[in-house]
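Here are my notes for a first look at this one. Open the structure beside them and follow the points in order.

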Amino acid sequence: MCGIVGVASNAPVNQLIYDALLLLQHRGQDAAGIVTQMNRKFHMHKAKGMVRDVFRTRNMRSLPGNCGLGQVRYPTAGNAFSEEEAQPFYVNAPFGLVLVHNGNLTNAKALKAELFSTDHRHINTESDSEVLLNVLAHELEKTTRGLPLTPADVFKAVEGVHKRIKGSYAVIALIAGHGLLAFRDPFGIRPLCIGKGKDGTYMLASESVALEGTLHQFERNLAPGEAVFIDMETQLHTQQCAAKPDLNPCIFEYVYLARPDSTLDGISVYQARLNLGETLAKRVISTVPPSDIDVVIPIPESSRPSAAQLAQLLGLPYREGFVKNRYVGRTFIMPGQAVRKKSVRQKLNVIASEFKGRNVLLVDDSIVRGTTSREIVQMAREAGARKVYMASAAPPVRYPNVYGIDMPTKDELVAHNRTVDEIRQIIDCDALIYQDVDAMKQAVASAVLPGYPKVSGFDASCFDGVYVTGDVSEEDIERLNENRPSQQDESEMESDRSRLALPNAS
């Protein structure tokens, strides 16, 4: 899960991309990067850290041009500390290409070997995004063969990319001197949408909130397998480039990842979370009588809509019992269990008066590893709660995710091969209520906005073990685990930096 944005305009785009990345900051807090193009030359700055820390005035001045890309990174493969694995990625041939990618390739290792032995291309990092960039570069080279580049050539290259790579990918790329390209995997697992400004500027982004927050009119979502090419005259060209596209967006986007004010594939994220609270209320009634619950308290932030809807339906008071420190990164994306556990109390503090002497129902969006949930239950007890019940708006996360969410190993999943009561004992709550898988899918699907077709399927692999791409085996999962973000100490990385990437502008 990363946040990506691309802009094609007739005016400077550096500030616009910066503003869009701020709106997508929730999708990645480890690194940020922007690249712009002026007179066929790319200008790039990328570094570890949040958007506001990576880009200073001097950096913004070094990013001239009327088209560009940006990304906020959340590492799911490669090295979490390597600045060179921050995006965008660059390759000089053909034409000159830069690329940003949200998702995860499931066949990156085989592709890397193929790129070396057959395509004679060098991969310098452990990032699957660099693999994707080189596959795209090779396919573009095959279609053009020295001739002028046309939109038809670009779309033929994307067809070749779809045939070679597997997994999830939403991609935006710049082709030097030719235009901006964006495409989505044939299953539409990761989101990508397009909008237009009053001045004719086109923007592509992971979430609609990036368009709306920068005063661009949301036009539509890219269809699964579709490619969009915006040439240097800002003329829009589109084509379906996949043989059998089938929309199956990642359901975890609606449960947790996306901002509530976004709309993804016609589904309101906020309404989906309200619906999840409604179906969860029915599960709570079958487990704990509402008369035994004094108050409903959400665990900030994503669970608030679900908790509020649940409380209303059960006729229970809804209270804010935790205060979040907004200046601490999301624990979900922090590498390493020890770091995650240490950060919980830095991130959340209790309002003791909401807990003392009460039976409280805590509502979370999901329970992945269980370490955070256990710590929060302990905090509630220390604040004086008589009983602590825990409800999850999502079903048990029982299976590894291979499409770009940082939960790939079975050992890290508290629900894997455990009953609900065994999980309850680990978390140390008095009752544990989970959402039902089918109810979750129905709740999200029914949040579709008027005028949009109903989504027929979702990637819910971390809940039901069904991998929509149909190519993921136990061996594949073990192999992908080998390329998880490295936990090598950051201080060691300082003396081991590669300089083969396009350097930051001085």
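**Notes for a first look**

1. Let's begin with a single contact: the side chains of Thr201 and Ser9 are joined by a polar contact of 2.8 Å. Keep in mind throughout that this is a predicted model.

2. Where does Thr201 lie? You'll find Thr201 in the loop between strand 9 (193-196) and strand 10 (202-205). Thr201 counts as buried because its relative accessible area is 2%, and the cut-off for buried is under 20%. Leaving out residues up to four places away in sequence, Thr201 touches Val7, Ala8, Ser9, Leu16, Gly195, Lys196 and His216. One of these, Val7, sits 194 residues away along the chain, yet the C-alpha atoms of Thr201 and Val7 are separated by 7.1 Å.

3. Leu16, touched by Thr201, takes us to helix 1. Why is helix 1 (residues 14-23) described as largely enclosed by the rest of the structure? Because seven of its ten residues are buried. The buried ones in helix 1 are Asn14, Leu16, Ile17, Tyr18, Ala20, Leu21 and Leu23.

4. Now step back to the strands around that loop. An open sheet of seven strands runs in the order 3-2-4-1-10-9-11, and its pairing is antiparallel. Strand 3 (41-48) and strand 11 (217-221) are the edges, each pairing on one side only. From one strand to the next, the twist averages 15°.

5. For a closer look at one edge of that sheet, go to strand 2 (residues 31-38) and strand 3. They run antiparallel and are joined by eight bridges. If you want a landmark there, Gln37 stands opposite Phe42 in strand 3.

6. There's another open sheet to find, with four strands in the order 16-19-20-21 and parallel pairing. Its edge strands are strand 16 (295-298) and strand 21 (431-434), and each pairs on one side only. The twist here averages 20° from one strand to the next. How many bridges join strand 16 to strand 19 (residues 359-364)? Four do, and the two strands run parallel. Ile297 has Leu362 as its bridge partner in strand 19.

7. Helices lie across this parallel sheet. Helix 10 (residues 304-314) lies across strand 16 and strand 19, and runs at about 170° to strand 16. Helix 12 (residues 371-382) lies across strand 19 and strand 20 (387-392), running at about 150° to strand 20.

8. Further along the chain comes helix 14 (residues 437-445). At its start, a side-chain oxygen of Asp436 reaches to within 3.1 Å of the backbone nitrogen of Asp438. Which residues of helix 14 are buried? They are Val437, Met440, Ala443, Val444 and Ala445. The cover over the buried residues of helix 14 includes helix 8 (252-257), strand 15 (267-268), helix 9 (269-285) and helix 15 (461-464).

9. One of those covering elements, helix 9, deserves its own point. Two packed helices are described by the angle between their axes and the distance between the axes. For helix 9 and helix 14, the angle is about 145° and the axes are 8 Å apart. Their crossing is right-handed. Helix 9 makes the contact through Ala272, Asn275, Leu276 and Thr279, while helix 14 uses Ala439, Met440, Ala443 and Val444. These residues divide into six nonpolar, two polar and no charged. As for the spacing, an α-helix has 3.6 residues a turn, so residues three or four places apart point the same way.

10. Another threonine to check is Thr143, in helix 5 (residues 128-144). Is Thr143 buried or exposed? Thr143 counts as buried because its relative accessibility is 18%, with the cut-off at under 20%. Its side chain reaches the backbone oxygen of Asp153 at 3.4 Å. Setting aside neighbours within four places in sequence, Thr143 is in contact with Asp153, Lys156 and Ala157.

11. Finally, some totals for the whole protein chain. There are 17 helices and 21 strands, and 62% of the 506 residues are buried. Take the contacts between residues at least 6 apart in sequence: 71% of them join residues at least 24 apart. The pairing of Thr201 with Val7, 194 residues apart along the chain, is a handy place to start looking at such separations.

How values were computed:
Residues are numbered from 1 along each chain as its sequence is written. This is a predicted model: local features need pLDDT of at least 70, side-chain atom pairs count only at pLDDT 80 or more; totals for chains, interfaces and linings use all residues. Side-chain values use heavy atoms; hydrogens and water are left out. Two strands pair if DSSP finds at least two bridges between them. Axes are lines fitted to C-alpha atoms, for helices over the stretch in contact, and angles run from 0 to 180 degrees between N-to-C directions. Contact means heavy atoms within 4.5 Å. Buried means under 20% relative accessible area, exposed over 50%, partly exposed in between (1.4 Å probe, protein chains only). A polar contact is a pair of N or O atoms within 3.5 Å; within protein, one must be able to donate a hydrogen and the other to accept it, and residues adjacent in sequence count only if both atoms are side-chain atoms. A crossing is left-handed if the near helix is turned anticlockwise from the far one by less than a right angle, and right-handed if clockwise. Ala, Val, Leu, Ile, Met, Phe, Trp, Tyr, Cys and Pro count as nonpolar, Asp, Glu, Lys and Arg as charged, and the others, Gly among them, as polar.
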